[in-house]
Amino acid sequence: MPAGFGSFFQVGMRNVLNENVLVLNRLWQAINVCTVERAFALLCMGHAEVVTEEAGEFRTFDFHEWREFSAGHHGEDVVHTISFKIRIPRVILLLFFDRLPHKEVKFTRHNIFERDHNTCQYCGKRFDRKDLNLDHVVPRDRGGTTTWENIVCACIPCNTRKANRTPVEAHMHLIRKPKRPKWRPFVNVTVAAAGHDSWKHFLDLAYWNVELGEDVG
């Protein structure tokens with residue numbers, strides 16, 4: 001990023017320049033967020049373009065095109081330099097980067113609920129999360145592990161009925177075999193936190209919590 005890039009903008013713009021911009025890779029997949037200031041630097045260097053959407057159609061603009069496009073804009077989402085004003089980009093597209101972050105779906109309580117669709121894996125009924133427990137299919141004192149393949153959502157009645165037994169011993173059957181979900185492209189933010197409707201086309205809204213450990217009940 002060019003040194004002192006923020007000095008091009010008028011005093012008092014610092015809060016605006018620190019707002020979030022969604023970053024897409026060359027394949028239009030959301031991979032990160034950056035500040036407005038960083039986004040302008042990438043645009044100036046020719047490493048990115050601005051993405052906009054109107055009536056379901058997407059357009060891209062390089063820095064000069066975006067500057068011209070901003071000239072007739074009278075909204076509040078602009079920053080000013082000594083010689084021109086320019087709209088704040090909300091989504092940018094990297095022109096030379098097509099990789100995805102190498103990450104797996106975190107093993108968290110939330111993501112187990114997501115995988116199992118808030119449904120008891122024994123009776124097949126859907127519940128509020130407060131009425132669901134996480135069950136070790138093979139109990140821990142039988143050598144069962146705290147892993148994707150051995151943890152399922154269970155309603156309180158089914159969990160009580162199964163107790164410290166295997167499904168076979170309890171004469172219960174899983175509606176589906178638990179497994180590790182496949183990773184999906186995501187950015188570790190939510191639209192609610194970011195506040196930009198223009199992001200919703202690109203974001204996976206999964207919420208990523210702390211990894212679960214052996215203390216899962």
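These are my notebook entries on the chain as a whole and on its aromatic pairs.

**Entry 1: the chain as a whole.** I noted at the outset that the model is predicted. I looked up the secondary structure and found six helices together with nine strands. Of the 217 residues in the chain, 42% are buried, and the surface that the chain exposes comes to about 12600 Å², with carbon and sulfur atoms supplying 52% of it. I then turned to the contacts with a separation of 6 or more, and 62% of these are between residues 24 or more positions apart.

**Entry 2: W28 and F58.** I counted the aromatic pairs next, and the structure holds five. One of them joins W28 and F58 in an edge-to-face arrangement, with 6.1 Å from centre to centre and 70° between the planes. I checked where the two residues sit: W28 is in the loop between β1 (20-24) and β2 (30-35), while F58 belongs to strand β4 (residues 57-61), so that the pair links parts of the chain 30 residues apart. W28 is partly exposed at 33% relative accessibility, and F58 is also partly exposed, at 36%.

**Entry 3: W66 and F69.** The ring centres of W66 and F69 lie 5.5 Å apart with the planes at 25°, and the pair therefore counts as stacked. Both residues are in helix α3 (residues 63-70), where they are three residues apart, or about one turn of the helix. Buried or partly exposed, I asked of F69? F69 has a relative accessible area of 33% and is partly exposed, whereas W66 is buried, with 1% relative accessibility. I closed by noting that W66 and F69 form one aromatic cluster with F61.

Note on methods. Residues numbered from 1 in each chain as written. Predicted model: local features only at pLDDT ≥ 70, side-chain atom pairs only at ≥ 80, totals over all residues. Heavy atoms only, no water. Helix = DSSP H or I, 4+ residues; strand = E, 2+ residues; numbered from the N terminus. Buried < 20%, exposed > 50% of the residue type's maximum accessible area, 1.4 Å probe, protein only. Contact = heavy atoms within 4.5 Å. Areas by Shrake-Rupley, 256 points an atom, 1.4 Å probe, with all protein chains shown as cover. Phe/Tyr/Trp six-rings, centres within 6.5 Å; stacked < 30°, edge-to-face > 60°.
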